[in-house]
Structures are given as structure tokens and as C-alpha cells.
Amino acid sequence: MKTKNLKTQVAIIGGGPSGLLLSQILMKQNIDTIILEAQSREYVLKRIRAGVLEHGSVELLKNAGVGERIFCDGKKHDGFIISSGEDSFRIDLSTITGKSVYVYGQTEVTIDLYKAQDELNAQIFHNVENVKISQLDSDLSKIRFNYLDQTYEITCDFVAGCDGSMGISKNYIPDKIKKNYIVNYPFSWLGILSNTKPLNHELIYASHDRGFALASMRNEKLSRYYIQTSNTDKIEQWPDELFWKELIKRLPKEYSANIEVGKSIEKSITKLRSLILEPMQWQNLFLAGDAAHIMPPTGAKGLNLAFSDIFYLSEGFINYYTKGSLNKLNNYSDKALKRVWKTVEFSKWMTSILHTLGDNNKLMNKLNKKELQKIKKSKNAQKVIANQYVGLPY
Ligand code: RFL
Ligand code: PHB
């Protein structure tokens, strides 16, 4: 069968939040895009992930015309709780920084982005296969892919690799250029979603001798909880009853006394790692989001960092198409990586201080407890945490 030829300005690989937001911002500036997504729309929307939006992410979504529902269905959070055993303290985000975060699920962000993209008649191909990029070093690049038994070839000015941690885009940066910085943590997160009332109106990050726990939420009737497990644990070992029992043991009694337990409607285990890939640009290819960096969810940074990449990258494309200047695109990797390194450092720190390393690492466990006590008393330490949590400025 003959190959079908398509043309666009920016071809985007990956229809997750990064790819969709990039397309949304560019299309609003009359820049032409095509999105290629390996999964169905239903599958993308089924993935339960992030829950916290930084101040800057909310502003970015609002400016892209997809902020409306965040302010109705999302919830502004002015602070969060850190506990260590029975002891706890609050990080007062709004008093310290003048800013807040929003609790609004990634699923909802993605629904809003798809709706906005549909309204702009965006070209989104779902269930694509065999995506391959070529000619990254010439004026026009090409992407070949299969869709519904047909081979397509897109000719484009630029390729945006927004295809997440399992994507193919990053493979096109030659090994001799590419640097991968990776840390694998010796623990995982077991998360559940349940139709129960959240146990507190603010998030609780709980450090405990038995392991870390997080009490989060999606709305007044939908809770999201996580507990630290070992890297070898399997979901089958964690029936709901056992999960609730363990969670209750790790939260301070003043909070766990109010817990409503119920059936889980989603349950998953995630191994934690930090990863940064450098550079984020190679010739006409630009990486953004999880395609270039991964971090543990402890600081709620992954999605937010993906969005700050998209801010810098969209500025670069807009500058090129409206002013003919490649400057911002050429600076994209350096600019984005500065924020990436600072954010990955924060999420690594928050992960290390809140998780338990087990009985053969009693020294670290004790030092972490002491550091948490210090943070409870130190306004300066709380200021650093609060500024990072609401998000560094772009
Ligand atoms: P995604 O969401 O992985 O989307 C990439 C898309 O690319 C598609 N794809 C391809 N398409 C075409 N061709 C190919 N060859 C392709 N290969 C892959 C995939 O199907 C997918 O649809 O990356 P993106 O857009 O960069 O978004 C990143 C975020 O999803 C991620 O950083 C966050 O979910 C991380 N994260 C959190 N981030 C926060 O900011 N706050 C949080 O509270 C938060 N909590 C979390 C999280 C991630 C978690 N997990 C499961 C890792 C909690 C958890 C448990
Ligand atoms: C979530 O609600 O899924 C969530 C919230 C805060 C985090 C990580 C995940 O740090």
C-alpha cells in the first residue's frame, strides 16, 4: 500500500500531558502540530498518576485555555503536614510563599487538554505503531509510523519527544552525546484510590519506622493513599484490608482516628528512581517531560516539571515562528535542565528524608528523624521546602 504523506510544523510524539499541552499552546499561536500516541485515548485517561499542581502549572494551563475546571473541581491547598511517628508539623505554603498548590488529578488535566484539543480540531493519531524518526540534521525532518494498517510519513520542521519514560525519542540522541544520570531507590510505592472521604483536608507526608505513607485525595469523596513497600512486593500480597491496617499504623493517631476505609478502585506498585538525561535537544529533536527526566513522586514534581519544560519549549517554537529566531530553541536544553536539576535534587532529598531504609541502616533512619525535628523548629528550612513545593519560578 502507498505511504500517505502528511506535513506539519511541529510533530509531537506522545499524547500524554506534555504532548497535549505543547500542542495546545502552539495551536493557539497558529502553529501547526500533529500528535502521535501509541495508546488509545481511554488507556491514557485510565492511568492514575499525579495529584498536585504547582502554582506555575495552574497559570500555564489557565493561559492555554484549560484552567477553568481546576478552579471549580480542583481544590486550593495552602499547606501540607509532615509527620514523624506521632509528631507532626505543617508547612504553611501560602504564608511563607504567598502561593498555593491545587489538588487536581492528572486524569482531569488530561481530559481538559483532550477537550480543548478537540475544540481546535487537533490532529491526534491514537494507537500508532513503529514510530521512527529520520533526517534530524536537515531543514525538514521526517517521521514514519503505522496507523490502521497504513504507513504514514510526516514531514516537519521539528520533532518534540514527549513520549515518556518508555518512549523512543531519546534513542535518537547518539550514545556518544547522551548522558544518563540514574539513581534507583531500594523501595517502592503501593498506591490505592478509594471512594472514601479523605482523612484530612490537607496532604500528610508521614515518616514512620515501618515505612513512609502519604495521605492524598482527588476530591471530597475520593482518597488517594500510598505506602512504602519493598521492591519485591507484589500487589497480590496487599489485599485492601492489609493495606488499610498498615497505613493506619504509619499515620499519627490524631489523623488515622478519622480514617474512612473502603474498597480500593485502583491499586498499583511503582518502583522509585531519579533519572536525568542530558542534553534535552539533539538537532531538530527536543525532549520534554518524562522522556527526559523521572523522579520519585514524593515531592509531586513529575508532571509539574514536564509542564515547565513545555513552557520553555513552546516559547522557543513561538519565537522561531513569529520572529524567525532560533535563539530560544537553541537555549532550551540548558534552560530546562537548570530547573530539572534543582527539582530532581529536591525530590531526592524529600524522598530520602521521609523513607525508611530498614534495620541495617539505623544510622540513616535516626539522622532523618533528627533532621525532621530540626525542620519542625526551623522557619528557614520550612521556607526552602515551601518554595520548592509550590514550584520554582520559570
Ligand atoms: P507520560 O504521561 O508518560 O506520557 C507519554 C505518552 O507517550 C506515549 N508513548 C508513545 N507515543 C507514540 N509512540 C511511542 N513510541 C510512544 N511511547 C510512549 C505514552 O503512551 C504516553 O501516553 O509523560 P509526560 O506527558 O511527560 O507526563 C509526565 C507525567 O505523566 C509524570 O511526570 C507524572 O505522572 C509523575 N507523577 C506526579 N507528578 C506530579 O507532578 N505530581 C504528582 O503528584 C505525581 N504523582 C506521578 C505521581 C507518577 C506516578 N507514577 C505512576 C510513576 C504518582 C505516581 C504514582
Ligand atoms: C497524589 O495525590 O497522587 C500525590 C500527591 C502528592 C505526591 C504524590 C502523589 O507527592
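The following exercises, each with a worked solution, concern a predicted model of a protein chain with two ligands.

**Exercise 1. The two domains**

Determine which residue ranges make up each domain and how many residues of each are in contact with the other.

Solution. Begin with the domain assignment. Domain 1 is assembled from residues 4-61, 104-181 and 275-349, while domain 2 takes residues 183-272 and 355-390. Next, consider the spacing: the centres of domain 1 and domain 2, computed over C-alpha atoms, are 30 Å apart. Finally, turn to the contacts, where 19 residues of domain 1 meet 19 residues of domain 2.

**Exercise 2. The character of the interface**

Describe the surface buried between domain 1 and domain 2, and state how many salt bridges and polar contacts cross it.

Solution. First, take the area: about 1,500 Å² is buried between domain 1 and domain 2, and carbon and sulfur atoms account for 64% of it. Second, search for charged pairs; the rule returns 0 salt bridges across this interface. Third, count the polar contacts, which amount to 7 residue pairs between domain 1 and domain 2, both members at pLDDT 80 or more. Fourth, ask which element supplies the largest share of the domain 1 side: helix α10 (residues 327-354) does, with 4 residues. By residue class, the domain 1 side that touches domain 2 comprises 9 nonpolar, 5 polar and 5 charged residues.

**Exercise 3. The surroundings of the ligands**

Identify the residues that come nearest to ligand 1 and to ligand 2, and give polar distances for each ligand.

Solution. Start with ligand 1. It has 32 residues around it, of which Ser18, Glu37, Arg47, Gln106 and Asp290 come nearest. An oxygen atom of ligand 1 is 2.7 Å from a polar side-chain atom of Ser18. The backbone also takes part: a polar backbone atom of Ala38 is 3.1 Å from a nitrogen atom of ligand 1, and one of Ala300 is 3.1 Å from an oxygen atom of this ligand.

Proceed to ligand 2. Among the 15 residues around it, the nearest are Tyr205, Ser216, Arg218, Tyr226 and Pro297. A side-chain N or O atom of Arg218 is 2.7 Å from an oxygen atom of ligand 2; for the side chain of Tyr226 the corresponding distance is 2.6 Å. Pro297 contributes a polar backbone atom, 2.7 Å from an oxygen atom of ligand 2.

**Exercise 4. A salt bridge between two strands**

Locate the two partners of the salt bridge between Lys142 and Glu153 in the secondary structure.

Solution. The structure holds 22 salt bridges. In one of them, the side chains of Lys142 and Glu153 meet at 3.8 Å, N to O. Lys142 belongs to strand β11 (residues 141-147) and Glu153 to strand β12 (residues 150-156), so the pair links distant parts of the chain, 11 residues apart. Such pairing is possible because side chains of opposite charge can pair when their charged atoms come close.

**Exercise 5. Backbone exceptions**

Explain why the backbone at Pro279 and at Asn121 deserves attention.

Solution. Recall the general expectation: most peptide bonds are trans, and most residues other than glycine have a negative phi. Then examine Glu278 and Pro279, which are joined by a cis peptide bond with omega of about -10°. Pro279 lies in the loop between β18 (264-278) and β19 (281-282). Lastly, Asn121 is not a glycine, yet its phi is positive, about 55°. Its place is the loop between α6 (106-119) and β9 (123-125).

How values were computed:
Residues are numbered from 1 along each chain as its sequence is written. Chains are lettered from A and ligands numbered from 1 in the order in which they are written. This is a predicted model: local features need pLDDT of at least 70, side-chain atom pairs count only at pLDDT 80 or more; totals for chains, interfaces and linings use all residues. Side-chain values use heavy atoms; hydrogens and water are left out. Domain bounds come from an automatic or database domain assignment. Contact means heavy atoms within 4.5 Å. Buried area is the accessible area (1.4 Å probe) that two parts lose on being put together, summed over both. A salt bridge is a side-chain nitrogen of Lys or Arg within 4 Å of a carboxyl oxygen of Asp or Glu. A polar contact is a pair of N or O atoms within 3.5 Å; within protein, one must be able to donate a hydrogen and the other to accept it, and residues adjacent in sequence count only if both atoms are side-chain atoms. Ala, Val, Leu, Ile, Met, Phe, Trp, Tyr, Cys and Pro count as nonpolar, Asp, Glu, Lys and Arg as charged, and the others, Gly among them, as polar. A residue is near a molecule or strand if one of its heavy atoms lies within 4 Å of it.
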